[in-house]
Amino acid sequence: MAKVRHHVIIGAGPAGVLAADTLRGCDPDARITLVSGESEPPYSRMAIPYLLANHIGEDGTYLRQDADHYARQRIDVVHARATRIDPKKKSVRLKKGKPLKYDRLLIAAGASPILHPVPGLDLPGVRTCWTMEDAREIADRAHKGDEVVLMGAGFIGSIILEALIERGVKLTVVEMADRMISHMMDETAGGMLQRWCEDHGIKVLTGTRITEITRGKSRLDIALSSGKIISAKLVVVAAGVAPNIGFLKGSGIKTDRGVKVNGFLRTSAKDVYAAGDVAQAKDMSTGEFSVLAIQPVAADHGRIAALNMAGKRTPHDGSLNMNVLDTMGLISSSFGKWDGVDGGDGARMSDEAGHRYLRLEFKDDRLIGVQAVGITDHIGIARGLIQTGQRLGRWKEKLMKSPERLAEAYIATAHGISHA
Amino acid sequence: MQMALVIDPGKCTGCKQCELACSYVKEGEFNPAKSRIRVFDFHQDARFVPYTCTQCAEAWCQQACPVNAITTNDSGVKVVHDSLCVGCKVCTIACPFGTINYNASTGKVIKCDECGGEPACAEACPTDAIVYMDVEQAGFDKMRQWAAQTDAGARA
Amino acid sequence: MGWTGKVLRVDLTNGTCSDEDLNMEWADQYLGQRGLASKYLAEEINPKVDPLSADNKLIFVTGPLTGTCASTGGRYSVVTKGALTGAIACSNSGGYLGAELKFAGYDMIIFEGRAKKPVYLYLIDGKAELLDASEIWGTSVWDTDAWLKSRHQEPQMHVAAIGIAGENQVLYACIVNDLHRAAGRSGVGAVMGSKNLKAVAVRGTGGVKVDDFKAFLKATNDGKKVLAENAVTGEGLPTYGTQVLMNVIHEAGALPTHNSKDVQFDGARDISAEAMAEPRGKDGKPNLLANQACFGCTIACGRISKIDEEHYTVVNKPEYWHASGGLEYEAAWALGAATGVNDLEALTYANFICNEQGLDPISFGATLGAAMELYEEGIITDKDTGGLKLKFGSAKALTKSAELVGKAEGFGKVLGLGSKKMCDKYGKPELSMTVKGQEFPAYDPRGVQGMGLTYATSNRGACHLRSYTVSSEILGIPEKTDPHTSDGKAGLVKAFQDATSAVDSTGLCVFTTFAWTLEDIAPQVDAALSGKWDVDRLLETGERIWNLERQFNLKAGFTKKDDTLPKRLLKDAAKTGPAKGKVNDLGKMLPEYYQLRGWTKDGVPTNETLSRLAL
């Protein structure tokens with residue numbers, strides 16, 4: 001009788017949970033252990049803003065809604081932080097409890113907020129918004145009419161922003177870059193979003209840093225690089241995240257920005273794989289290996305890594321960077337090389353008054369990047385066209401003139417329709 | 001037997017009865033903008049293309065959902081559970097066909113669920129451009145091949 | 001229910017848009033669309049106003065079934081005082097615009113005044129604004145459509161626009177929506193042009209509700225079944241379009257040819273539905289590519305055609321090598337039989353130009369037919385035409401004229417007057433085949449007696465769609481009558497007029513009545529609306545509408561004298577075919593008709609009639 005394999009997965013986010021389910025699907029007899037560094041049932045950070053906005057309860061954030069899911073799938077969930085990996089002994093040391101021996105290991109340990117060297121970030125009333133515990137703390141402190149400062153208007157900051165507004169707080173956003181969401185949007189889109197926020201009563205300070213936070217009488221005083229000092233009851237820090245690779249020190253597993261993986265999501269160590277926010281895997285747009293800390297990529301990684309762990313050799317040809325954001329009803333998204341490439345062509349269409357913007361980027365007659373504001377219908381087609389590298393032929397010229405016909409272009413090329 | 005919506009654009013006249021039937025069943029009103037099926041009009045080529053979810057095996061939307069609000073039923077149909085959907089829209093960018101869409105009036109996403117086995121669009125189609133039939137018999141269509149191409153790398 | 005309950009009033013003079021409630025009392029009395037907007041127009045303007053002045057109003061109006069799943073439930077009408085006729089005008093169109101208007105939250109748009117500079121109305125989900133149209137003024141309907149969709153990044157927008165014909169106030173300019181559906185007749189496009197209104201661009205994502213969904217689905221499903229099983233609506237129209245009539249009417253000897261000198265056309269076969277479907281000699285492909293439905297239509301009679309790329313009209317013009325709206329019967333007749341041209345590709349090209357420039361092909365073709373007769377008579381000379389040889393049968397004369405008329409350049413300006421004013425200009429009023437200034441369509445009243453009375457009494461000038469007795473006299477629907485006798489035709493015409501007025505007020509297409517009677521329509525209307533709507537109420541409403549329109553025209557200055565036909569139809573007998581030797585017997589039918597209508601012998605509704613109809 002063949003030996004029963006033991007799959008250990010570090011991290012109970014989307015990549016880890018999807019990997020566990022995938023492994024169960026193709027390796028019915030294996031032992032599967034899911035190691036969660038937090039005390040809650042596996043949950044989705046993506047859902048935290050909706051929890052903060054009181055749209056859902058904590059259970060609404062759970063990655064699997066069926067309470068018996070893990071038991072039924074025979075997935076052992078261990079609530080303990082992994083502190084060390086020894087690939088030679090094939091074991092994972094935990095903060096509490098016995099080390100886990102594995103046959104195959106998946107590192108899906110995710111990311112954590114970056115600790116910035118700003119004095120006062122450790123004060124009470126200053127909080128990152130990343131874990132369930134953070135969410136509880138923020139919910140406890142941010143109430144209707146309270147003055148709140150949000151540090152960072154990147155993608156995550158902007159997601160939290162809406163939740164804070166729904167809680168009825170008076171919000172000031174402080175962002176170092178010259179515009180909101182500079183990693184996902186160009187000046188036009190970022191500017192549109194900023195004006196939208198300002199129209200909804202949010203103070204947006206771009207090109208501004210927080211230099212120090214001090215405890216005032218009953219509130220926090222926040223010193224800005226502009227020299228101004230503003231005060232608030234709560235400061236929410238959303239100024240970037242970095243892969244959780246610290247615990248790999250000494251393991252011999254190669255890291256760079258994240259855990260380095262090959263085209264099958266395997267790390268430098270035998271039988272050890274990595275997935276999700278912690279992995280530095282192939283970006284299909286650039287061909288380079290980089291960290292793409294987004295939900296759909298975590299799902300792709302989790303599934304493909306699991307297939308490889310189960311012995312089904314499955315290449316990972318690269319994931320597509322993409323994001324979607326709802327800012328008080330104004331929905332924006334970006335895909336791939338949204339800022340274009342040298343030698344490519346771009347088409348833009350903007351309607352400032354209608355809060356709509358669409359930017360397409362091409363290389364030859366293939367779509368490589370999309371940015372959209374205020375346009376949601378059939379938007380996933382952007383992914384389809386970019387990822388398949390579908391040649392657009394005559395439709396490229398049409399799209400250069402009328403980018404809004406993207407969905408038509410996709411269906412037409414799929415159906416071999418040339419005119420129009 | 002695997003039942004599916006099989007679409008023949010060559011028979012479509014662009015009447016939009018499918019959109020009307022769909023929106024009535026799903027929204028209780030006649031509203032093509034909220035239909036889960038949409039007819040694309042390529043008038044310069046004399047062609048109309050009804051377009052909706054193919055219930056692809058890859059289930060991009062389901063995999064991308066952070067709160068397990070999309071599941072696959074026994075017929076292979078991907079179903080959105082409104083009580084769980086938080087409206088994060090990740091599925092709408094993850095679906096490479098663009099056939100799961102955000103409905104701003106409910107704050108949830110919407111997609112074709114084949115009406116639980118009695119699709120109203122097929123019933124309403126006057127020209128049999130949309131039929132609900134056993135896919136193994138249908139020799140199925142380009143959209144499935146398209147689905148295969150769109151795989152993010154997993155060619156398993 | 002069935003209504004959004006909202007009217008958009010657009011004051012072009014002051015550049016403002018405002019919402020008001022739909023007058024439900026009038027909706028109860030006039031149903032919707034044609035009836036309802038006619039009531040608004042009659043209440044709001046002096047019937048004597050100059051149609052092209054700022055005092056005229058232009059109303060875009062839907063019916064209660066517009067935007068529902070009723071088969072053909074996508075119609076809208078444009079109601080105004082007609083530029084061509086000076087009579088009340090109601091031009092009905094399909095496509096998708098009418099339904100979109102409802103989805104955008106409105107039942108009706110009333111345009112009043114005149115904009116100082118060209119503008120267009122941009123309407124999206126309850127928000128309306130007038131925007132600068134200077135960039136599209138002077139461009140075609142097709143370019144305008146593309147520009148607006150691109151400008152607003154809204155590929156699902158629906159657009160109704162005038163082409164250069166409307167801008168130049170060509171008297172039979174139409175309003176084209178969805179590229180090739182048109183509110184075609186009576187010069188509604190010239191009125192729009194006179195208001196400096198280039199286009200109406202609509203996008204709506206709202207829904208339409210009906211009063212009783214369950215009953216509505218049953219009634220509309222029953223209706224669809226009837227349409228599918230009927231030979232005309234289930235087979236003839238989808239396969240051949242209205243062009244199925246070309247050979248039929250030719251054989252009946254009722255095809256007005258060469259400006260009605262003849263009643264049969266030798267080239268009928270060449271320009272028929274059958275010819276459209278056959279592979280061409282040149283490229284081996286048929287002219288007809290597909291059939292298209294308007295919104296909600298389960299008949300799908302629309303034609304989508306493509307011109308042979310090597311045909312002289314387009315050989316160096318790839319911009320015309322795509323598919324677009326092809327010939328329907330009326331257009332094929334006017335561009336073909338009326339002018340004696342049997343070149344199908346030339347007709348298709350002229351039809352494209354009509355759609356692009358916003359011209360009513362019926363009036364254009366008929367006017368050209370009259371010009372050809374004037375030319376062959378030597379009354380119009382090469383000097384007038386700038387060297388253009390206006391010979392019957394000349395495809396080049398047809399396509400060149402089509403290119404000129406919208407631009408209102410050279411002889412095109414004369415053709416743009418319409419047949420009536422053009423023949424008056426040359427001192428030959430008797431050569432104008434018009435009633436109340438409007439060119440009559442594709443049925444010769446010598447071969448179909450009822451159509452003589454239809455044309456003579458039509459409230460918008462000569463028109464087949466006001467009482468299509470061809471249905472009974474030629475096709476036998478709902479029952480066959482003899483086309484060569486005037487006996488009983490007064491009653492037939494009245495019954496058709498009243499029923500059609502009602503159908504035109506529902507949001508449904510009149511073509512459904514090849515299969516449907518009011519018995520099929522009443523349950524659909526009844527389920528959509530909150531009140532009780534049965535056949536009797538529909539007929540009474542239709543009669544009320546007809547009399548309202550009649551009163552408008554009487555106040556506008558029309559009299560009994562205008563209820564007549566060109567002399568040619570009353571004096572010159574048909575030369576060939578089954579009706580050989582016949583003239584139209586209007587003199588006998590008209591008094592009988594007045595009497596049946598409850599009008600005086602001068603054609604004025606009696607007080608008794610008015611009070612019976614609550615007018």
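Reader: Let's start with a helix. Which residues of helix H8 (residues 231-240) of chain C are buried?

Author: First, the general idea: a residue counts as buried if 20 or more other C-beta atoms lie within 10 Å of its own, as exposed if 12 or fewer do, and as partly exposed in between, with C-beta atoms placed from the backbone. In H8(C), the buried ones are C:Thr233, C:Gly236, C:Leu237, C:Pro238 and C:Tyr240. Before we go on, this is a predicted model, where local features need pLDDT of at least 70 and side-chain atom pairs count only at pLDDT 80 or more, while totals for chains, interfaces and linings use all residues. Residues are numbered from 1 along each chain as its sequence is written, and chains are lettered from A and ligands numbered from 1 in the order in which they are written.

Reader: What covers the buried residues of H8(C)?

Author: Helices and strands here are DSSP runs numbered from the N terminus, with at least four residues for a helix (H or I) and at least two for a strand (E). The cover includes helix H7 (213-229), helix H10 (273-277) and strand E13 (288-292) of chain C. Just after H8(C), C:Gly241 has a positive phi of about 70°.

Reader: E13 came up there. In what order do the strands of its sheet run?

Author: In general, strands of a sheet pair through backbone hydrogen bonds, either parallel or antiparallel. For a pair to count, DSSP must find at least two bridges between the two strands. In chain C, three strands make an open sheet in the order E13-E14-E15, with antiparallel pairing. E13 and strand E15 (324-325) of chain C are the edge strands, each pairing on one side only. Strand E14 (residues 302-305) of chain C joins E15(C) over two bridges, and there C:Ser305 has C:Ser324 as its bridge partner.

Reader: And where does chain C touch chain B?

Author: Contact has a cut-off too: two residues are in contact if their C-beta atoms, placed from the backbone, lie within 7 Å. By that test, 26 residues of chain C meet 19 residues of chain B. H7 and E13 of chain C are the elements that give two or more residues to chain C's side. E13(C) gives the most, with four residues.

Reader: How do the residues on that side of chain C divide by class?

Author: Ala, Val, Leu, Ile, Met, Phe, Trp, Tyr, Cys and Pro count as nonpolar, Asp, Glu, Lys and Arg as charged, and the others, Gly among them, as polar. Chain C's side has 13 nonpolar, 11 polar and two charged residues.

Reader: Let's zoom out. How many helices and strands does chain C have?

Author: Chain C has 25 helices and 17 strands. Its radius of gyration, taken over C-alpha atoms, is 22 Å, close to the 25 Å that the globule rule (2.2 Å times the number of residues to the power 0.38) gives for 615 residues, so chain C is as compact as a globular protein of that length. Along the principal axes, its C-alpha atoms fill a box of roughly 60 × 55 × 45 Å. Buried residues make up 65% of the chain.

Reader: Now a single residue: is C:Thr62 buried or exposed?

Author: C:Thr62 is buried, because 32 other C-beta atoms lie within 10 Å. C:Thr62 belongs to strand E3 (residues 57-62) of chain C. Setting aside neighbours within four places in sequence, its contacts include C:Gly32, C:Tyr76, C:Leu101 and C:Gly507.

Reader: Over to chain A. How many residues does chain A bring to its contact with chain B?

Author: Chain A brings 52 residues and chain B brings 38. Helix H7 (295-309) of chain A is one of the elements that each supply at least two residues. H7(A) gives the most to chain A's side, with seven residues. By class, that side has 23 nonpolar, 20 polar and nine charged residues.

Reader: Which way do the residues of strand E16 (residues 234-237) of chain A point?

Author: A:Leu234 and A:Val236 point one way, A:Val235 and A:Val237 the other, and all are buried. E16(A) pairs in the parallel sense with strand E9 (residues 126-128) of chain A over three bridges, and with strand E10 (residues 147-151) of chain A over four. A:Val236 stands opposite A:Arg127 and is the bridge partner of A:Leu150.
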